[in-house]
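Here are some exercises on ligand surroundings, cavities and pockets. Have the viewer ready, and try each task before you read its solution.

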Amino acid sequence: MALDAKTLDRLAEHLETCELEARDTPKITDEHPSMDWDDAYAIQNRILARKTARGARPIGYKAGLTSHAKMKQMGVETPVFGFLADYFSVPEGGTVRTSELIHPKVEPEIAFVLKRALKGPGCHIGDVLAATDFVLPGIEVIDSRYRDFKFDLKSVVADNTSASRFVVGGRPRPPHEVDLRTVGIVLEKNGEPVAMGAGAAVLGHPAAAIAMLANHLGKSGQELPAGSLILSGGVTEAVAVAAGDNVCLRVQGMGSVSLRFT
Ligand code: 0L1
Ligand code: MG
């Protein structure tokens with residue numbers, strides 16, 4: 001690690017305050033260019049610890065930058081991982097207040113819910129499918145705390161991979177009833193299709209993102225617990241939203257899920 005504990009604490013407090021007060025900031029590597037990957041995940045873990053100390057509950061994980069469309073949009077090449085806290089969750093058809101966010105964008109995703117714990121290393125797509133209870137449509141609302149979404153990967157990891165809100169719903173299906181590679185998705189904004197794709201856009205198979213996450217956590221002796229909800233990453237590039245927008249994600253054979261922004 002390149003940063004000391006005091007600096008990690010200070011950066012976690014800074015980024016979480018930006019989240020809670022909907023304020024943007026320059027990317028943190030501008031001031032700490034030597035920050036390494038362990039520092040970045042240590043800051044993210046400190047943000048989680050701050051939230052749980054105030055009574056928030058971790059309910060799952062997310063993989064980000066798992067599709068070529070997203071990687072190209074952000075000019076990066078590696079997936080990243082973050083956590084989901086209970087207050088990120090919005091009810092199906094529910095409302096997101098844009099006054100609580102900086103510059104939200106939405107991503108169409110396939111969500112997984114596990115019936116058994118998953119632990120890496122060596123976790124593969126087959127393990128993921130065997131441990132999955134059901135898959136369902138999800139819309140992630142990302143809201144990077146970095147000014148104009150200008151960041152590098154380590155800064156993004158420290159900022160909990162831009163996680164802010166999400167909704168899941170539609171028609172949950174056991175994973176063996178759906179071909180997650182060919183499943184089609186359409187994201188609509190205000191009734192117009194704005195992005196479309198197929199599950200294979202996520203690392204060839206969305207379950208591959210979950211396997212990568214399990215292997216990543218396995219490096220530090222952690223597992224994905226049974227019951228975890230995991231967002232596998234945007235199938236398409238992210239779409240900017242503003243107050244007044246209605247967003248709906250339709251996933252072939254899995255119904256639809258929607259959100260509105262006020
Ligand atoms: O979920 C995601 O793919 C977001 C990863 C973080 C980068 C961004 O803010 O787009
Ligand atoms: Mg995402």
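The exercises below work through a predicted model, starting from the ligand.

**Exercise 1. Find which residues are closest to ligand 1, and which atoms make its polar contacts.**

Step 1. Select the shell: 13 residues surround ligand 1, and the closest are Lys-62, Leu-65, Lys-70, Glu-140 and Ser-162.

Step 2. Look for N or O atoms within 3.5 Å of the ligand's oxygen atoms. Ser-162 places a polar side-chain atom 2.5 Å from an oxygen atom of ligand 1. For Lys-62, a polar side-chain atom lies 2.8 Å from a ligand oxygen. Leu-65 takes part through its backbone, with an N or O atom 3.0 Å from an oxygen atom of the ligand.

Step 3. Check how much of the ligand is covered: ligand 1 has 310 Å² of accessible area on its own, and the protein covers 100% of it.

Step 4. Sort the shell by class and by element. You should get six nonpolar, three polar and four charged residues. At least two residues each come from β1 (58-64), α3 (68-74) and β5 (132-142).

**Exercise 2. Work out where ligand 1 sits, and describe the lining of that space.**

Step 1. Count the cavities of 30 Å³ or more: there are two.

Step 2. Place the ligand: ligand 1 sits in the largest cavity, whose volume is about 100 Å³.

Step 3. Go round the walls. The largest cavity is lined by 13 residues, with Leu-65, Lys-70, Ile-142, Thr-161 and Ser-162 closest to its centre. Two or more lining residues come from each of β1 and α3. By class, the lining splits into seven nonpolar, three polar and three charged residues.

Step 4. Turn to the second largest cavity, with about 40 Å³ of space. Its lining includes Leu-15, Glu-16, Arg-145 and Asp-159. Helix α1 (residues 5-21) gives the largest share, three residues, and the lining holds three nonpolar, one polar and four charged residues.

**Exercise 3. Describe the largest pocket, and say which element gives the largest share of its lining.**

Step 1. Begin with the space itself: the largest pocket holds about 590 Å³.

Step 2. Pick out its centre. Of the 23 lining residues, Tyr-41, Phe-81, His-216, Leu-217 and Ser-220 lie nearest to it.

Step 3. Assign the walls to elements. α2 (37-53), β1, β2 (80-85) and α6 (206-218) each provide at least two residues, and α2 gives the largest share with seven.

Step 4. Finish with the classes: 13 of the lining residues are nonpolar, eight are polar and two are charged.

Key:
Residues numbered from 1 in each chain as written. Chains lettered and ligands numbered in written order. Predicted model: local features only at pLDDT ≥ 70, side-chain atom pairs only at ≥ 80, totals over all residues. Heavy atoms only, no water. Near = heavy atom within 4 Å. Polar contact = N/O pair within 3.5 Å; in protein donor to acceptor, adjacent residues only side chain to side chain. Areas by Shrake-Rupley, 256 points an atom, 1.4 Å probe, with all protein chains shown as cover. 1 Å grid on protein atoms, 1.4 Å probe; cavity = no way out; pocket = protein on both sides within 12 Å on 5 of 7 lines; lining within 4 Å. Sits in = over half its atoms within 2 Å of the grid points. Helix = DSSP H or I, 4+ residues; strand = E, 2+ residues; numbered from the N terminus. Nonpolar A, V, L, I, M, F, W, Y, C, P; charged D, E, K, R; others polar. Points joined across faces, edges and corners; volume = space filled by probe spheres on them.
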